[in-house]
Amino acid sequence: MIIAGIDCGAKNTKSVILRDGKIIGKGMTLTGFDQASAVKESLDAALKDAGIDAKDVDKISGTGAGMEEIKDASMKVNEIRAMAKAANYFFPSARTVTDVGAEMGRAVKIDERGKAIDFAINEKCAAGAGAFIEAMARAIEVELEEMGPMALQSDKSIPMNAQCAIFAESEVVGLIHAKTVKEDISKAIHDAMASRIVSMIRRIGVNEDIVMIGGVALNPGFVGCLKRELGIDRVYIPADPAFGAAVGAAVVLKEEA
Amino acid sequence: MIEKFREWYENRHEYQKGYKDRTGNKIVGYFCTYTPEEIFYAADILPVRILGSHEPQDVTEPHIFSMFCPFCRDVLAQGIKGRYDYLDGIAIGQSCLHLRQAFTSWDLHKNPGWSYFLPMPNHVQSKRAVPFLVEEYRLLIKKIEELAGRRITDDDLRQGIDIMNKARQVMKEIYEFRKEDNPPISGTEAMYMTCAQFFTDAREFLPVAEDVKRELASRRLDRDPGKRIMLVGSENDDIEYINMIETLGERESVGCTVVVEEHCTTTRYFWDEVDTNIDDPLRAIAERYVSRTPCPSKDWPQRTRLQRILELAKDFRVDGAIVIQQKFCDPHEADIPFIRKFLEDNGIPTYFLEFDVTVAAGPFAIRTEAFLETLEAEEDLF
Amino acid sequence: MAKYTTEPLRCWAKAKELRKRFYEDFKGAHEKGGIRCVGSAWALDAVTMGLGRDVYWVTGEPYGASCAFDRPLSADFLAAAENFGFSRDLCSYMRNYWGSIIVNKSAFGGAFPKADFAYTQHICCSHGKWYQNACELEAGDVPLYVIDVGVGAYPPFQPEMYEHRLRYVADQILDSIEWMEKITGRTYNDELFFEACWNDIRVTHIWAKICMLNRTVPAPLDEKSIYSLYVFATLQKSRGQFAEFYEELLEEVEDRVKRGIAAVANEQARVMTDTQPPWGFLKIYRYLETCGVVSIGSLYTFGLEGMWLYDEEKNDLRPRPMPPEKPRSREEACMMLADWHLSKPQYQHFYHPEYKTKMMDAIAKNWRCDGIILHYNRGCEGLSVGIAENRLGLLQRGNKVLTYEGNMGDETEFDLPATETRFDIFLESLGLKKPEG
């Protein structure tokens, strides 16, 4: 059975194709204003990557902020359920999963079957999401992809404002004027963000093994800061973590069928 | 001159742990200045105030809804992080809702084996408050006696009163020096002193403070005092901020000295003494806590703080007041528009800053500097 | 084919009429030489009734909620308060109230009617400040009396309600009677006071009995409707008409229980909530109902004014029995009122969140709730104090708990779509699905 999972997120729309439970193709596109187009474009890219046609797909599962726009989906899966199932799919030993995307951070406590037991969402504050890193990268004039590796080169701990991303930005300006090196600033930014995510994880309890999905999991600086804050040695990140929720949605549909 | 106080402030845990080893006495951590320290001293128990560490933290979100002030969360974080595991007890005198959550969460998750919530009355302007508080003190004493393992006598209470009063007196005498044209002690230094009071045995604090008082008589600071500033606030031990604005003069064209404060880390904490003319020591203590400059949460139906703030402003000849509010502090927020208007109507310009656990040094420097410059401009008119 | 039969409440029209008349009485009080009084819904309004049969009230919290219903009007009030210098994180009822005075507009039309005096109580750290500021905004010539009720928890949460604690509250009440005589020039009538005191006790006792009936499956009342009914106890506990109304309502709900009438025809699951709802968005309750979920109430609707006692052994919450007889002396009435009100369930968490966790768990278990929805209400520190520990405690006791952030009186802090998404997730965990379309 071939199932497509589509995650129409705030910034990017991600599609995956699973054949009998194995990932055979992936595609991603910017969501932009026209969500329906983004859904089609991303699915087409995934189909191409898998080397199959649209008619080969048996069913489609949808998730994400824009899932109402995934018209052909026979099932709409909420993001919490998708995350939980994704973590279990990739790492059956997972008991906590986080998904930090462009605008939202989430943490879910799961059981051995990938069922969500408790969850926390951080949707009111940009300082706990990818948009924060992007804004800060602009502020210190560093390419987004370089932010993470730069942070790893610093061993300083400069505390940044506890409450708000907006204030944090003016603090960064202050650090620049104080001639702080970019590596240290990048680390401070990552520490601040990791702190918010850790705060959220603590609401549901820190139970290993911990899995991270979502685009921000690709940022080694963030991952490093998170591990240190939680005091754990290892977090588990699947290849292409941005596709995590899409995979989860597909697996949920497969299990229902 | 204030190195010892700075050491006590920065190494409070070393002092407090060492104190236990040295004296064999117990230590109770308290959360609000309405906790009657006199009674703990009477039982040979050291009362220490728990302040935050000004570090961002991620451990309190499961326990306190983040719309409550950063201070109470910072305080709870100290407990959760295990920094106060040596305490024998915790206590709070009821005032604001925010801080009592640090107490109750601590009671739930880090209970040291003894904890006490004192329903400190809020209607301090009523004649009924003192008799009520005296009875509450009797209940508290019963519990303290359990912790201390002995009875507390009236003489013990008188001793506790004496210990606290002496520390209060020396602080007020030191504050007198800040009335001078070029105060020989800066706001930063004064803040280290008043905070060190929280973390030490007042009897060990006293002789060091007396030395400072003697030294101040002939001390001269080699700096331009700049504008005379008063801080009006909720709970603030933002030494970093005070130091930054007091050194502005070294970098910019305007500078200032913080000559007095009206908040619960300084004058609201120590200014009012226990009246030893009152025979019954328990009633004397109750009178003191009921009639001291109130926390805004207890300052109704009359807003008595206004007169107190103005008095301090006049006595210390301030050029301007910076209202430093702890973010989300409801009692203070309810008062602020009226405080500002009252001060301004009385010829004292004000500026408002909202504080969090860490200080946004850059933006605050710019804004404070701009405020100081407006004070300059006013003088130029004449 | 609906699962249960449902019927609208017969007393609905009367409820609306009573409420309308209540506000009209206040507005028109001066025309008949009467007195206008304002204060918190928790104020001991019964005491003011000793001044005569022409004392009329408006309480601040229901007024704030009424402002919040009208979102554009509320936005004006909130803006006015903010421009005056009041911070946005202050209680949103207060901000609506102060804003209303500042722009001199009433939520019920016309100018904001000025009170003759303010009479309130203080337990949350803003209560006294609310009316202090309101009176000051009214050109400072509205006298204010505040009674401090922050004396400690009631048994079983504390071993006893000590005599000196009751005395402290009762003595303040006695002092306030002298004060009222002075500022109104009227002679106090103790008989009227006793009558009002008894009305207060009846209203808050009967309300609890009504809430008990929601233990039934299917629930005869849904929380959105309950908001329109519990409100009378918040408008004025001591008003005789409201005591009568509650007696009628009790009879009607008992009848509904007998005949198996449900509030929600397709009741499949039951939840309870906590804190005030986002008043401008009560449709979220209808949203839950479309999925077959009825909210049976909350410690808030049950115990904000309703009087209950917690049974530690049985983990149960039951209506507090009324005192055996009416008070016969001023002193006795003051002590009776003090004792009665200090047992209020929504006073207890001010001393420790554990007390509230126990009562909420008792409701969840005895009212057969499948889940608990906590409104992390930025608009009210008083009812949100300790809420995070309530959540942990309730989870520990085996309950399913959902939280959502919002504000009872400030629409800018409530995100409807995000909240509905959370509800969807929660409902799914309860094994329920959203209806198609």
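Here are a few exercises on a predicted model, each with a worked solution.

**Exercise 1. Work out how strand β7 of chain B sits among its neighbours.**

Start with burial. The strand covers residues 320–326, and 7 of its 7 residues are buried, so β7(B) is largely enclosed by the rest of the structure. Now split the strand by side: B:Gly320, B:Ile322, B:Ile324 and B:Gln326 point one way, while B:Ala321, B:Val323 and B:Gln325 point the other. Both sets are buried.

Next, look for partners. β5(B), residues 227–233, pairs with β7(B) in the parallel sense over 5 bridges, and B:Val232 stands opposite B:Val323. With β8(B), residues 350–355, there are 6 bridges, and again the strands run parallel. Here B:Gln325 faces B:Glu354. To get from β7(B) to β8(B), the chain passes through α15(B), making a right-handed β-α-β crossover.

**Exercise 2. Find which helix of chain B gives the most to the side that touches chain C.**

First get the head count: 35 residues of chain B are in contact with 41 residues of chain C. Then check the elements on the chain B side: α5 (97–109), α6 (129–148) and α15 (330–345) each supply at least two residues. The winner is α15(B), with 8 residues. Finally, sort that side of chain B by residue type: 19 nonpolar, 10 polar and 6 charged.

**Exercise 3. Describe how the two domains of chain A meet.**

Take the bounds first: domain 1 is 1–78 + 243–257, and domain 2 is 92–237. Their centres, taken over C-alpha atoms, are 27 Å apart. The contact uses 5 residues from domain 1 and 6 from domain 2. On the domain 1 side, those residues come out as 2 nonpolar, 2 polar and 1 charged.

**Exercise 4. Track down some unusual backbone geometry, and place each case in its chain.**

Keep the usual pattern in mind: most residues other than glycine have a negative phi, and most peptide bonds are trans.

- Step one, cis bonds. The bond from A:Glu208 to A:Asp209 is cis, with omega near 10°; A:Asp209 is in the loop between α6 and β9 of chain A. Another cis bond runs from C:Val217 to C:Pro218, with omega near 5°, and C:Pro218 lies in the loop between α8 and α9 of chain C.
- Step two, positive phi. B:His54 has a phi of about 60° and sits in the loop between β2 and α4 of chain B. For C:Ala139, phi is near 55°, in the loop between α6 and β4 of chain C.
- Step three, surroundings. B:His54 has 18 other C-beta atoms within 10 Å, so it is partly exposed. C:Ala139 has 9 C-beta neighbours inside 10 Å, so it counts as exposed.

Technical notes:
Residues numbered from 1 in each chain as written. Chains lettered and ligands numbered in written order. Predicted model: local features only at pLDDT ≥ 70, side-chain atom pairs only at ≥ 80, totals over all residues. Domains from an automatic or database assignment. Contact = placed C-beta atoms within 7 Å. Nonpolar A, V, L, I, M, F, W, Y, C, P; charged D, E, K, R; others polar. Helix = DSSP H or I, 4+ residues; strand = E, 2+ residues; numbered from the N terminus. Buried ≥ 20, exposed ≤ 12 C-beta atoms within 10 Å, placed from the backbone. Pairing = 2+ DSSP bridges. Right-handed = clockwise from strand over helix to strand, strands pointing away.
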